Amino acid sequence: MAPAGATDHRLYCYPSVRFRVLPIRPVVQENNPFPQDARVRREANALVAAGYHVTVICPAGKGQPSRETVGGVLVYRYPEPRGGDGVFGYLWEYGYSLTMTLLLSVRVWLAAGFNVIHAHNPPDLFVLVAILYRPLGVKFVFDHHDLSPEMYYARFHGKGNRIVHAALIWFEKLSFTVADHVIATNESYKNIAMERGGVDEKRITVVRNGPEGNRLRPVEPDPEIRQRATCILGYVGVIGVQDGVDYFIRALDRLINELGYSNVLAIIIGKGDAVEDLQRLSRALKLDSHIWFTGRVSDEDLIRYLSTADVCVDPDPSNSFNDQSTMIKMTEYMALGRPIVAFDLPEHRVSAQDAAVYARPNDELHFAQCIAELMSDPALRLRMGEIGKERVANGLSWSHQVPHLLAAYDALNQGGRAGVRIRGEAYNSGQEV
């Protein structure tokens, strides 16, 4: 039963089930299984804390059991599919993941039942599972993480297969149409849902990505790293084709060989399917002594490395996907008080405002010049870092997003517009911070 004093929306979702599926390589970027996927973990934990019963269905990471309870969240996992090559490989991966998710959902249904399916994209296929449960009264929440059609073209530099792109548009549209409620990560995604998906604004809630305040706190710089160069640059995130790390490496080449800033070390944290290509690019440009590819690291190491960095970078280039997407690394840098250099993209400015210096989109030399500007001005770096920390503390951290998530479930129950009340004032959950 729901906890004593629980509101209707808590009773409504008992128990709830949420789906999260590994995106299919190489069409979209690879994400992590639960609880490694930060947004899924934060949302699941927030719902459990609010009194919901939450079950996650997802692929298994290395060494993870097929069933366990993590922080009050019941997790069912299926073996991760192998990466596909070509059309048939992708069809196998999609079909396998969809089938395993359906089978596990039946297991959950028979064990306890559920009345909400909360699906995280990409891919946008899990609407097909939701449709099967609609005759049973199960509602569908579409958590719109990524613009799959735009990401697909970004992965292939605008030269993808038109039939595949059209299919992605169709499944996205189907997800919007079937969804009882849509969760968007920012105002740009909300507009896509309204304009391309035809979703009524009353059925959309903006729940931004945001860092957990108790997880990301700056620590003392690592003395060994500090000895390696006068200026330390930091990057963290997925390292895929669309993430622009190649722009950063070429900008580093311009910084060293054209602008004369040779005493520099770039720490690149993360993994992805572009790492080997980037390492080859680094060798070709003779930058191996200036770049440290760390791979995936623990949270403790990540925080220590970024706390040591003088400047952090977000080199996502301008394209139809990145221009509309919020990058979690921006707010993570800000939470740690790091000044940022990024290309001048609309959602970058929404997130960072004056906590970043903005280079002309896709201009590697100007990106290098912006890094040089910050390297030469310690006072500016300090001031920008304080602005970033203040923005996170006052509106961008995950704690500020939880009321919007719960308001979305309240709207799902009541069939109305999601809204929350903050500091005694009515607040539209779609409003930007």
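The protein I have today has 16 helices and 16 strands. What you see is a predicted model, so please keep that in mind throughout, because local features are described only where pLDDT is at least 70.

First, the overall picture. The protein has 433 residues, and 57% of them count as buried. What area does the protein expose? About 18,000 Å², and carbon and sulfur atoms supply 53% of that. As for how the chain folds back on itself, take the contacts with a separation of 6 or more: residues 24 or more positions apart account for 70% of them.

Now the cysteines. How many disulfides does the protein have? The count comes to 0. Two cysteines I can place for you are Cys231 and Cys370. Cys231 is buried, at a relative accessible area of 4%. Cys370 is buried too, with 3% relative accessibility.

Next, one helix in some detail. Helix H10 runs over residues 275-284, and Val275, Leu278 and Ser282 in H10 are buried. Why do these three count as being on the same side of H10? Because they cover an arc of only 65° around the axis. There is a general point behind this. An α-helix has 3.6 residues a turn, so residues three or four places apart point the same way.

What do the buried residues of H10 pack against? They pack against helix H9, residues 245-257, and strand S11, residues 291-295. On the face turned away from the buried side, H10 carries the exposed residues Glu276 and Ala284. Just after H10 comes Lys286, which takes a positive phi of about 60°.

Helix H9 brings me to the salt bridges. The whole structure has 24 of them, and I will go through three.

The first is in H9. Arg250 forms a salt bridge with Asp246, and their closest N and O atoms are 3.1 Å apart. How far apart are Arg250 and Asp246 in the helix? They are 4 residues apart in H9, so about one helical turn separates them. Arg250 counts as partly exposed, at 25% relative accessibility. Asp246 counts as buried at 19%, and that follows because the cut-off for buried is under 20%.

The second is in helix H15, which covers residues 378-396; Lys389 and Glu386 both lie there, 3 residues apart, again about one turn of the helix. Their side chains meet in a salt bridge at 3.3 Å, N to O. Are these two residues buried or partly exposed? Lys389 is partly exposed, with 30% relative accessibility. Glu386 is also partly exposed, with 41%.

The third links distant parts of the chain. Arg39 forms a salt bridge with Asp143, with the closest N and O atoms 3.3 Å apart. Where do the two partners sit? Arg39 is in helix H2, residues 38-49, while Asp143 is in strand S6, residues 139-144, and 104 residues separate the pair. Both ends are buried: Arg39 has 5% relative accessibility, and Asp143 has a relative accessible area of 0%. This pair also belongs to a network of salt bridges that links Arg39, Glu43 and Asp143.

Two glutamines to finish. Gln64 is found in the loop between strand S2, residues 54-59, and strand S3, residues 67-70. Is Gln64 buried or exposed? Although it lies in a loop, Gln64 is buried, with a relative accessible area of 17%. What does its side chain reach? The side chain of Gln64 reaches the backbone nitrogen of Gly61 at 2.6 Å. Leaving aside neighbours within four places in sequence, Gln64 is in contact with Pro33, Phe34, Pro35, Gln36, Pro59 and Arg77.

The other glutamine is Gln369, found in helix H14, which covers residues 364-375. Gln369 counts as partly exposed, with 34% relative accessibility. Along the chain, Gln369 and Ala359 are 10 residues apart, and their C-alpha atoms are separated by 8.3 Å.

To recap the side chains: in H10, the buried Val275, Leu278 and Ser282 pack against H9 and S11. Among the salt bridges, the pair of Arg39 and Asp143 links distant parts of the chain, whereas Lys389 and Glu386 both lie in H15. Gln64 is a buried residue found in a loop. That is what I had on this predicted model.

Definitions and conventions. Residues numbered from 1 in each chain as written. Predicted model: local features only at pLDDT ≥ 70, side-chain atom pairs only at ≥ 80, totals over all residues. Heavy atoms only, no water. Buried < 20%, exposed > 50% of the residue type's maximum accessible area, 1.4 Å probe, protein only. Contact = heavy atoms within 4.5 Å. Areas by Shrake-Rupley, 256 points an atom, 1.4 Å probe, with all protein chains shown as cover. Disulfide = S-S within 2.5 Å. Arc of directions from axis to C-beta. Salt bridge = Lys/Arg side-chain N within 4 Å of Asp/Glu carboxyl O. Polar contact = N/O pair within 3.5 Å; in protein donor to acceptor, adjacent residues only side chain to side chain.
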